[in-house]
Amino acid sequence: MLMRAVRLQEALQHWFEIDENSKIQRLRLDDVEWQQIRYVIQLTKPFALPGYIVSTRDTPSINQVFSTYNALFDHLDDEKAKLGRKKKTWKKELMLAIEAAVQKLKNYYNPT
């Protein structure tokens, strides 16, 4: 859904310019919000492919499971390292979400 919104950004902005309805104008995103959406897409993209692969097979092999978890942990660690140097409030807040994601992955990883 976010990727579709980014693809339609230009059309959406045009729509906001021609429609002055206050209910619609409340939905308008500023440049920072569009930047946040792009970042969330980039952050969550690695989670989409493993989910698709696992859902299209009867049972994933243990090799696939461990390599998938390791790749996701590595990705989240890389993103935490990048965000650790950032000063913007929304990027600092995103660090909490990444830490929660790491904890959730650990909850699933430990029993395997």
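**Exercise 1. The fold**

What pattern does the protein follow, read along the sequence?

*Solution.* This is a predicted model. Step one: read along the sequence, and the pattern is α-α-α-α-α-α. Step two: tally the elements. The secondary structure comes to six helices and zero strands. Step three: turn to the contacts with a separation of 6 or more. In the protein, 65% of these are between residues 24 or more positions apart.

**Exercise 2. The surface**

Find what share of the protein is buried, and which atoms supply 56% of the exposed area.

*Solution.* Start with the residues. The protein has 112 of them, and 21% count as buried. Now take the surface. About 8400 Å² is exposed. Carbon and sulfur atoms supply 56% of that area.

**Exercise 3. Glu-79**

Decide whether Glu-79 is buried or exposed, then list its partners.

*Solution.* First, locate the residue. Glu-79 sits in helix H5, residues 62-83. Next, check its accessibility. Buried means under 20% relative accessible area. Glu-79 has 2%, so this residue counts as buried. Then look for polar contacts. The side chain of Glu-79 makes one with the side chain of Tyr-39, at 2.5 Å. Another, of 3.1 Å, links the side chains of Glu-79 and Gln-42. Last, set aside residues up to four places away in sequence. Glu-79 then touches Tyr-39, Gln-42, Leu-43 and Ile-98.

**Exercise 4. The core**

Name the helices that each supply at least two residues of the largest nonpolar core.

*Solution.* Begin with the core itself. The largest nonpolar core has 14 residues. Those with the most contacts inside it are Tyr-39, Leu-43, Leu-76, Leu-83, Leu-94 and Leu-105. Now assign helices. H4 (31-55), H5 and H6 (89-109) each supply at least two residues of this core. Follow one member, Leu-43. Beyond its neighbours within four places in sequence, Leu-43 contacts His-75, Leu-76, Glu-79, Leu-94 and Ile-98. A general tendency is worth recalling: in soluble globular proteins, nonpolar side chains tend to be buried together.

**Exercise 5. Helix H6**

Test the length of H6, then work out why its buried residues line one face.

*Solution.* Length comes first. H6 has 21 residues, and at 1.5 Å a residue they should span 30 Å. The end C-alpha atoms are 30 Å apart, which agrees. Now list the buried residues of H6: Trp-90, Lys-91, Leu-94, Met-95, Ile-98, Val-102 and Leu-105. Look down the helix axis. The buried residues of H6 fall within an arc of 150°, so they line one face. Finally, view the other side of H6. Thr-89, Glu-93 and Leu-96 are exposed there.

Technical notes. Residues are numbered from 1 along each chain as its sequence is written. This is a predicted model: local features need pLDDT of at least 70, side-chain atom pairs count only at pLDDT 80 or more; totals for chains, interfaces and linings use all residues. Side-chain values use heavy atoms; hydrogens and water are left out. Helices (H or I, at least four residues) and strands (E, at least two) are DSSP runs, numbered from the N terminus. Buried means under 20% relative accessible area, exposed over 50%, partly exposed in between (1.4 Å probe, protein chains only). Contact means heavy atoms within 4.5 Å. Accessible areas come from the Shrake-Rupley method with a 1.4 Å probe; for residues, only the protein chains shown count as cover. A polar contact is a pair of N or O atoms within 3.5 Å; within protein, one must be able to donate a hydrogen and the other to accept it, and residues adjacent in sequence count only if both atoms are side-chain atoms. A nonpolar core is a set of buried Ala, Val, Leu, Ile, Met, Phe, Trp, Tyr and Cys residues joined through side-chain atoms within 4.5 Å. The expected span of a helix is 1.5 Å times one less than its number of residues. The arc is that of the directions from the helix axis to the C-beta atoms.
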